[in-house]
Amino acid sequence: MESVQAIKQRFGIIGNDPKLNRAIEKAIQVAPTDISVLVTGESGVGKESIPKIIHQLSHRKHGKYIAVNCGAIPEGTIDSELFGHEKGAFTGATQTRSGYFEVADGGTIFLDEVGELPLTTQVRLLRVLENGEFIKVGSSKVQKTNVRIVAATNVNMFEAIKKEKFREDLYYRLSTVEINLPPLRDRKDDIHLLFRKFASDFALKYKMPTVKLNDDAVNLLLKYRWNGNIRQLRNVAEQISVLEQNRSINASTLQNYLPNTGSTLPAVVSSSKSESDFSSEREILYKVLFDMKSDLNDLKKLTMELMKNGSASDVQKDNEHLIQKIYGNDNDDDDFENAVEDLEVLSIPEHSEVNESVSSDVEDKYHFAEEIEEEETLSLQDKELELIKKSLERHNGKRKLAAAELGISERTLYRKIKQYDL
Ligand SMILES: Nc1ncnc2c1ncn2[C@@H]1O[C@H](COP(=O)(O)OP(=O)(O)OP(=O)(O)O)[C@@H](O)[C@H]1O
Ligand SMILES: [Mg+2]
């Protein structure tokens, strides 16, 4: 069995933290089996190396290894991507197509961001995990496949289960063995080591002398939260390597590259001079406007529900998540109490005549709101398009980074790219 050190060398993994070593050791141990593995950890901690290690050290290493980013595939096509489709299964299905589970027969599939899978796809996935069976979209023929699944997530799966976004049975099936990668802030001894490695790589790449941190800068590096983990550390090392004339870096220079994470403001309001942040107040205001528009739409939905349903408590029960989204999570919060009270005030009597007058009255107002929204939507859409374009440019078209910067999911970004034909 290859040693942890040898594996780190082979897969370019830097660090000596005991929790990192334990994670790699677990990957080595579980690799020769066909057990499903769930890799967990914050964004940027290096989850993607684990499935590669598992595949390479398994008897499937000569079979296919397919990595699927579940969050980046639109909901409408994900079943067909994963399981294939029959000719004529939907508009545009001009030919029968094999999905990843068929193509990877005998190999390994890495399901990245598995928490993003739609519930219907989760049902299909559960079946494959249980008996290797799947059915192409638009077909009735059951097919068999022999695929090892490694999944990864940076979201709290228990939360997702609680919110009924992820099936509990699937979670337990996927996470027969769980491999957790620690956040960078918990790997203090590795932080400077990683920085030095990245600084030396970038010095070589850009043909410049290696940047060096002084003691104060090292202290700052160790104290920082690194919410983006190793990915963020690498970006900071790259920016400093490219931009700083003086190759000896002190704490105040380093500080310029570290967004202020103590704040609860959105990431766009950052003290960093990094190019990847929105710099103008105008852009920040547009972001706030988008959020307000989203709240307004949620409120409209709630009002419509109330008009249709008439019972505040039913509406409250059915729309708990919306109410919490608009008024916050804390049930003891005054706003939440007020919201509930407001719902009760708004409840519409059963009597049909009253119903009619109230609803036509509300309907008028609703039309008014619609018109305002139309106007707003047009100009906001332009701005939204502008924001998305800029963000994609800044990140060389990398959707994941752009989505993170814009504060939306990759799938939402994908939809918007299609919507605006970008
Ligand atoms: N221990 C490490 N040594 C060297 N580079 C690393 C290490 N861990 C991660 N990286 C680098 O950091 C970057 C982010 O890693 P990776 O893409 O695996 O993150 P992730 O955990 O999959 O994040 P996300 O949840 O956002 O997808 C990659 O460029 C990877 O090569
Ligand atoms: Mg990843």
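Analyst: Helix axes are lines fitted to C-alpha atoms over the stretch in contact, and the angle between two of them runs from 0 to 180 degrees between N-to-C directions. The model discussed here is predicted.

User: Why is α1 called roughly perpendicular to α2?

Analyst: The axes of α1 (residues 4-11) and α2 (residues 18-30) cross at roughly 90° and come within 10 Å. Angles of 65 to 115 degrees count as roughly perpendicular. The crossing falls in that range, so α1 is roughly perpendicular to α2.

User: Which residues make that contact, and how do they divide by class?

Analyst: V4, I7 and K8 take part from α1, and N21, I24, E25 and I28 from α2. The contact has four nonpolar residues, one polar residue and two charged residues. Val and Ile count as nonpolar, while Glu and Lys count as charged. V4, I7, I24 and I28 are therefore the nonpolar residues, K8 and E25 are the charged ones, and N21 is the polar one.

User: What makes α18 and α19 roughly perpendicular to each other?

Analyst: Helix α18 (residues 399-406) packs against helix α19 (residues 410-419) at an angle of about 105°, and their axes are 9 Å apart. The range for roughly perpendicular is 65 to 115 degrees. An angle of about 105° lies inside it, so the label applies to α18 and α19.

User: Which residues of α18 and α19 make the contact, and what classes are they?

Analyst: On α18 they are R399, K400, A402, A403 and L406, and on α19 they are E410, L413, Y414 and I417. Six are nonpolar, three are charged and none is polar. Arg, Lys and Glu count as charged, so R399, K400 and E410 make up the charged group.

User: How do you know whether T108 is buried or exposed?

Analyst: The relative accessible area of T108 is 0%. Buried means under 20%, so T108 is buried. T108 lies in strand β3 (residues 108-112). Beyond residues up to four places away in sequence, T108 touches H55, R60, K64, Y65, I66, V147, R148 and V150.

User: What makes the pairing of T108 and H55 a polar contact?

Analyst: The distance between the side chains is 2.6 Å. A polar contact needs N or O atoms within 3.5 Å, one able to donate a hydrogen and the other to accept it. The pair of T108 and H55 is therefore counted as a polar contact.

User: Why is R167 called partly exposed?

Analyst: R167 has a relative accessible area of 28%. Buried means under 20% and exposed over 50%, so a value in between is partly exposed. R167 lies in the loop between α7 (157-162) and α8 (168-174). Its side chain makes a polar contact of 2.7 Å with the side chain of D169.

User: What does R167 contact outside its neighbours within four places in sequence?

Analyst: R167 is in contact with L119, Q122, V123 and L126. R167 and L126 are 41 residues apart in sequence, and their C-alpha atoms are 9.2 Å apart.

User: How do you know that E75 is partly exposed?

Analyst: The relative accessible area of E75 is 45%. Exposed requires over 50% and buried under 20%, so E75 is partly exposed. E75 belongs to helix α4 (residues 75-83). Leaving aside neighbours within four places in sequence, E75 is in contact with P118, R411 and R415. E75 and R415 are 340 residues apart along the chain, with a C-alpha separation of 9.7 Å.

User: Which accessibility class do E164 and W226 each fall in, and why?

Analyst: E164 has 64% relative accessibility, over the 50% limit, so E164 counts as exposed. W226 has a relative accessible area of 0%, under the 20% limit, so W226 is buried. E164 lies in the loop between α7 and α8, and W226 in the loop between α10 (215-223) and α11 (229-243). Phi is positive in each residue: near 60° for E164 and near 50° for W226.

User: Why does S175 count as buried?

Analyst: S175 has 13% relative accessibility. The value is under 20%, so S175 counts as buried. S175 sits in the loop between α8 and β7 (177-180), and its side chain reaches the backbone oxygen of Y171 at 2.7 Å.

How values were computed. Residues numbered from 1 in each chain as written. Chains lettered and ligands numbered in written order. Predicted model: local features only at pLDDT ≥ 70, side-chain atom pairs only at ≥ 80, totals over all residues. Heavy atoms only, no water. Helix = DSSP H or I, 4+ residues; strand = E, 2+ residues; numbered from the N terminus. Parallel < 35°, antiparallel > 145°, perpendicular 65-115°, else oblique. Contact = heavy atoms within 4.5 Å. Buried < 20%, exposed > 50% of the residue type's maximum accessible area, 1.4 Å probe, protein only.
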